[in-house]
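Biologist: Hello! I am new to reading protein structures. Could you walk me through one?

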Amino acid sequence: MKQVREDTFAYLEKKNIAYIRSESNFFMMEVNRPGMDFAKDMAANKVIIGRVWPVWPTKVRVTIGTQDEMNKFKAAVDKVIAA
């Protein structure tokens, strides 16, 4: 999981996407818009991400999955951000 997490963090840094680094199986990602809207757009791309907390309305919780799952996550982020 550590390698998958570090690969995902490297992707986020390359894309200049802010996130809260974690040593666990999830992290918080800044999406610069209502997190629920971002989550819905990700779901439309067949990627389900975690919940949004009222105290952090523009951040979403992302659980680290397998390398294949995180590759799908990265592809979906690319599409959602480009839209």
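Biologist: Where does helix H1 lie relative to the strands?

Modeller: In this predicted model, H1 lies across E1 and E2, and runs at about 10 degrees to E2.

Biologist: How do I read the sheet itself?

Modeller: Strands of a sheet pair through backbone hydrogen bonds, and the pairing is either parallel or antiparallel. Here three strands form an open sheet in the order E1-E2-E3, with antiparallel pairing. E1 (19-20) and E3 are at the edges with a single partner strand each, so one side of each has no neighbour in the sheet.

Biologist: How many bridges join E2 to E3?

Modeller: Five bridges join this antiparallel pair. One residue to look up is phenylalanine 27, whose bridge partner in E3 is valine 62.

Biologist: And how do I describe two packed helices?

Modeller: You give the angle between their axes and the distance between the axes. For H2 (residues 35-44) and H3 (residues 67-82), the axes come within 9 Å and cross at roughly 115 degrees. The crossing is right-handed. H2 brings Phe38, Asp41 and Met42 to the contact, while H3 brings Phe73, Ala76, Val77 and Val80. Six of these residues are nonpolar, none is polar and one is charged.

Biologist: Which residues have the most contacts inside the largest nonpolar core?

Modeller: They are Phe27, Met29, Phe38, Met42, Ile49 and Phe73, in a core of 22 residues. H1 (2-14), E2 (26-30), H2, E3 (59-63) and H3 each give two or more residues to this core. H3 gives the most, with five.

Biologist: What does methionine 42 touch, leaving aside its neighbours within four places in sequence?

Modeller: Methionine 42 is in contact with Val47, Ile49, Phe73, Ala76, Val77 and Val80.

Methods
Residues numbered from 1 in each chain as written. Predicted model: local features only at pLDDT ≥ 70, side-chain atom pairs only at ≥ 80, totals over all residues. Heavy atoms only, no water. Axes fitted to C-alpha atoms, helices over the stretch in contact; angles between N-to-C directions. Helix = DSSP H or I, 4+ residues; strand = E, 2+ residues; numbered from the N terminus. Left-handed = near helix turned anticlockwise from the far one by under 90°. Contact = heavy atoms within 4.5 Å. Nonpolar A, V, L, I, M, F, W, Y, C, P; charged D, E, K, R; others polar. Core = buried A, V, L, I, M, F, W, Y, C linked by side-chain atoms within 4.5 Å. Buried < 20%, exposed > 50% of the residue type's maximum accessible area, 1.4 Å probe, protein only. Pairing = 2+ DSSP bridges.
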